[in-house]
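Got your viewer open? Here is a walk through one protein, stop by stop, with something to select at each stop.

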Amino acid sequence: MKKEQVVNCQFSVWYPLFKKLTIKSLILPLPQNVIDYLLDDGTLVWSDDETTTVATAPEFPEFNSKVQEAINALGGRVFPKLNWSAPRDANWIALNSSLQCQSLSDIFLLFKSSDFITHDLTQPFLQCSDDSPDPGINYELVLRKWSELIPGGEFRCFVKENKLIGISQRDYTQHYQHISKQEASISSSILLFFKNHIQHQFPDEDFVLDVYRDSMGRVWLIDFNPFGEVTDSLLFTWEELTSGNSLTDSEDTALQESPAFRYTTSEVTVQPSPCLSYRIPRDFLDLSTGEDAYKLIDFLKLVIIDINQPI
Ligand SMILES: Nc1ncnc2c1ncn2[C@@H]1O[C@H](COP(=O)(O)OP(=O)(O)OP(=O)(O)O)[C@@H](O)[C@H]1O
Ligand SMILES: [Mg+2]
């Protein structure tokens with residue numbers, strides 16, 4: 001994967017080209033002091049008596065009002081991202097356990113808890129093979145109108161040399177009956193969407209495209225991702241995708257017109273959600289935020305009992 005490929009997958013590069021095919025969004029430049037705040041680990045500081053923690057959340061009045069204006073223009077509820085990534089690994093920390101945000105403080109809570117956001121800010125070119133200097137990046141806050149996407153309608157498409165070679169169910173942890181039933185029509189509608197709107201129009205010939213097929217059968221663009229290890233290959237492996245061998249069972253590759261289509265069948269054991277490992281136990285979270293007073297009381301009782309135990 002080349003640095004140029006990563007640059008081309010930034011939201012602000014592709015959005016103007018494919019605006020009509022995707023969810024309405026607004027892009028705001030991220031001021032340097034906000035970037036510094038997002039990268040600063042010292043949110044919690046100890047006060048003088050060493051017993052209480054004090055959250056030091058700085059205020060960014062000008063940026064805050066721009067963000068609020070944008071959120072309002074998008075209907076009051078948004079899905080936030082940076083240049084490439086959403087804080088998918090941090091949804092557990094939000095009170096609604098979702099990435100839906102209504103204010104800058106909702107966005108900050110998610111961004112500051114997300115390793116994916118830190119990756120965008122600190123090492124976007126980590127797995128690139130070329131050793132040219134890193135291209136300059138203008139960091140941006142992307143706000144997308146909140147849309148209730150049904151996970152069974154999401155698919156990831158792998159495009160190599162401008163050819164759609166594979167389609168994978170995005171939420172591979174679940175079996176969706178409608179996918180096996182409508183396999184042929186899903187595959188052909190995605191291929192048609194690719195041919196009509198995407199092929200030869202993206203500034204690269206290798207890329208990964210995320211799409212959504214709604215209940216009316218219409219296909220929408222969700223995101224572009226680099227064609228390489230940084231992007232989850234889901235039900236394919238990167239070795240398969242890059243080997244040059246056919247991904248379908250068809251013997252005659254010359255005749256192969258349709259892409260390989262993979263989805264989770266009922267026989268496969270349903271797997272845990274891929275972001276589970278980023279979570280901490282719910283009890284810790286409730287204790288740290290004081291969300292559940294009874295848990296806190298129980299915890300304090302435990303600590304007291306412990307102190308009273310003979311060593
Ligand atoms: N506007 C939206 N409203 C609600 N949910 C959304 C919206 N956009 C995306 N999502 C949900 O969030 C998920 C992740 O979105 P997106 O693909 O933009 O994030 P990402 O960080 O680029 O993910 P990846 O690392 O897999 O490329 C999507 O699969 C979809 O379920
Ligand atoms: Mg993406």
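Start by selecting α3 (residues 32-39) and α5 (residues 104-112), which pack at an angle of about 50 degrees with their axes 9 Å apart. That makes the two helices oblique to each other; angles under 35 degrees would count as roughly parallel, over 145 as roughly antiparallel, and 65 to 115 as roughly perpendicular, with the rest called oblique. The axes are lines fitted to C-alpha atoms, for helices over the stretch in contact, and the angles run from 0 to 180 degrees between N-to-C directions. Helices (H or I, at least four residues) and strands (E, at least two) are DSSP runs, numbered from the N terminus.

Now show side chains. From α3 you have Val34, Tyr37 and Leu38, and they meet Phe108, Phe111 and Lys112 of α5. Contact here means heavy atoms within 4.5 Å. Sorted by class, this α3–α5 contact has five nonpolar residues, no polar ones and one charged one. (Ala, Val, Leu, Ile, Met, Phe, Trp, Tyr, Cys and Pro count as nonpolar, Asp, Glu, Lys and Arg as charged, and the others, Gly among them, as polar.)

A word on what you are looking at: this is a predicted model, where local features need pLDDT of at least 70 and side-chain atom pairs count only at pLDDT 80 or more, while totals for chains, interfaces and linings use all residues. Residues are numbered from 1 along each chain as its sequence is written, chains are lettered from A and ligands numbered from 1 in the order in which they are written, and side-chain values use heavy atoms, with hydrogens and water left out.

**Next stop: phenylalanine 63**

Select phenylalanine 63, in helix α4 (residues 61-73). With a relative accessible area of 7%, phenylalanine 63 is buried; the cut-offs are under 20% for buried, over 50% for exposed, and partly exposed in between (1.4 Å probe, protein chains only). What does phenylalanine 63 touch, not counting residues up to four places away in sequence? You should find Pro29, Leu30, Pro31, Val34, Leu104 and Leu141 around phenylalanine 63. Val34 also belongs to the α3 side of the helix pair you just left. Try a distance label too: the C-alpha atoms of phenylalanine 63 and proline 29 are separated by 9.4 Å, though the two are 34 residues apart along the chain.

**Into the core**

Which two residues touch the most other members of the largest nonpolar core? Select Leu143 and Phe224, out of 68 residues in that core. A nonpolar core is a set of buried Ala, Val, Leu, Ile, Met, Phe, Trp, Tyr and Cys residues joined through side-chain atoms within 4.5 Å. Helix α8 (residues 183-198) gives the most to this core, with six residues. Colour domain 1 (3-146) and domain 2 (151-262) separately: both give residues to the core, so it lies between them. Those domain bounds come from an automatic or database domain assignment.

Zoom in on phenylalanine 224. Setting aside neighbours within four places in sequence, its contacts include Cys9, Trp14, Phe18, Ile198 and Phe202. Then look for a second, separate core of nine residues, with Phe158, Phe236, Leu241 and Leu247 among them.

**Serine 168 and leucine 234**

Serine 168 sits in strand β7 (residues 163-169) and, at 0% relative accessibility, counts as buried. Beyond four places in sequence, serine 168 touches residues including Phe158, Phe236 and Leu234. Phe158 and Phe236 are the pair you met in the second core.

Click on leucine 234 next, in the loop between β9 (219-225) and α9 (238-243). Leucine 234 counts as buried at 15% relative accessibility. Its phi is near 50 degrees, a positive value in a residue other than glycine. Most residues other than glycine have a negative phi.

**Last stop: the loop between β4 and α5**

Serine 97 lies in the loop between β4 and α5, and its phi is near 50 degrees, also positive. Is serine 97 buried or exposed? At 39% relative accessibility, serine 97 counts as partly exposed.

Arginine 88 is in the loop between β4 (78-81) and α5 as well, and counts as partly exposed at 44%. Leaving aside neighbours within four places in sequence, arginine 88 is in contact with Leu99, Phe116 and Cys275.

Zoom out to finish: the protein comes to 11 helices and 10 strands, and buried residues make up 43% of its 311 residues.
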